[in-house]
Amino acid sequence: ILYVDGVDREVKTVYDANNLRSYARIYGPAATLNDAGYGIDSVDDEAAAALLAKQSYDLVVWSTGETSIDTDVLSKAQRDVLTKLRADGVPVIISGAELGYAIHASRYCDDTTYLATTFDAVYVDDTSDSNTIRTNGLLNAETLDYGTCIEYGGIASARTSDTACIEYPDYYNAAEGASVLLTYHNGHGA
């Protein structure tokens, strides 16, 4: 398994105990927990294309965190690598609170249909108004709660040290012929 750390933007206040820069410490144990014999490598997004040109993986997990329009959430080279992985049949899990928003609103991305053509996901809006995902039987738990924000004096912060405070998670619909597998508690596609 390859974990790609594409977190180029950290949103942190003095009240946050989280946003420790690398989420490999969370993704790694979770990815290998139920699959004995799988190992996990980690690479930053700038070096991912070169590594993937030399080595193959059974699964690629690419995380962009809260990277948004102020940085290049997915460069053209990175989008090309992800498109090739998908075309080659390599399972790819891509996540990011601002991924859809950044691709649609950014001066860095020239293809607003990228998520639909590569991942069968259609960006709908910048905020799902939820941090709870219904797993619809895909995971061992019925729901997955991530980064629930609490406020201290009007400043949002995560409720636990193992999660990030995600204030504006994007939501999606499925592209034609695809299905939404995970939904937020309010029914929006996760």
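Which residue takes a positive phi just after H3? In this predicted model, the residue is Gly89, with a phi of about 85°, and the helix that precedes Gly89 is described below together with the sheet on which it lies.

The sheet is open and is built from four strands in the order E2-E1-E3-E4, with parallel pairing. Strand E2 (41–44) and strand E4 (92–95) form its edges, each of them pairing on one side only, and from one strand to the next the twist averages 15°. Between strand E3 (residues 60–63) and E4 the parallel pairing extends over four bridges, and within this pair Ser63 stands opposite Ser95 in E4.

Two helices lie across these strands. Helix H2 (residues 45–54) lies across strand E1 (2–5), E2 and E3, running at about 120° to E2, whereas helix H3 (residues 76–87) lies across E3 and E4 and runs at about 145° to E4.

The length of H3 agrees with expectation, because at 1.5 Å a residue its 12 residues should span 16 Å, and its end C-alpha atoms are 16 Å apart. Its buried residues are Gln78, Arg79, Val81, Leu82 and Leu85; since these cover an arc of only 160° around the axis, they are placed on the same side of H3. The buried residues of H3 pack against H2, E3, E4 and helix H5 (114–119), while the face turned away from the buried side carries Lys84 and Ala87, which are exposed.

Conventions: Residues are numbered from 1 along each chain as its sequence is written. This is a predicted model: local features need pLDDT of at least 70, side-chain atom pairs count only at pLDDT 80 or more; totals for chains, interfaces and linings use all residues. Side-chain values use heavy atoms; hydrogens and water are left out. Two strands pair if DSSP finds at least two bridges between them. Axes are lines fitted to C-alpha atoms, for helices over the stretch in contact, and angles run from 0 to 180 degrees between N-to-C directions. Contact means heavy atoms within 4.5 Å. The expected span of a helix is 1.5 Å times one less than its number of residues. Buried means under 20% relative accessible area, exposed over 50%, partly exposed in between (1.4 Å probe, protein chains only). The arc is that of the directions from the helix axis to the C-beta atoms.
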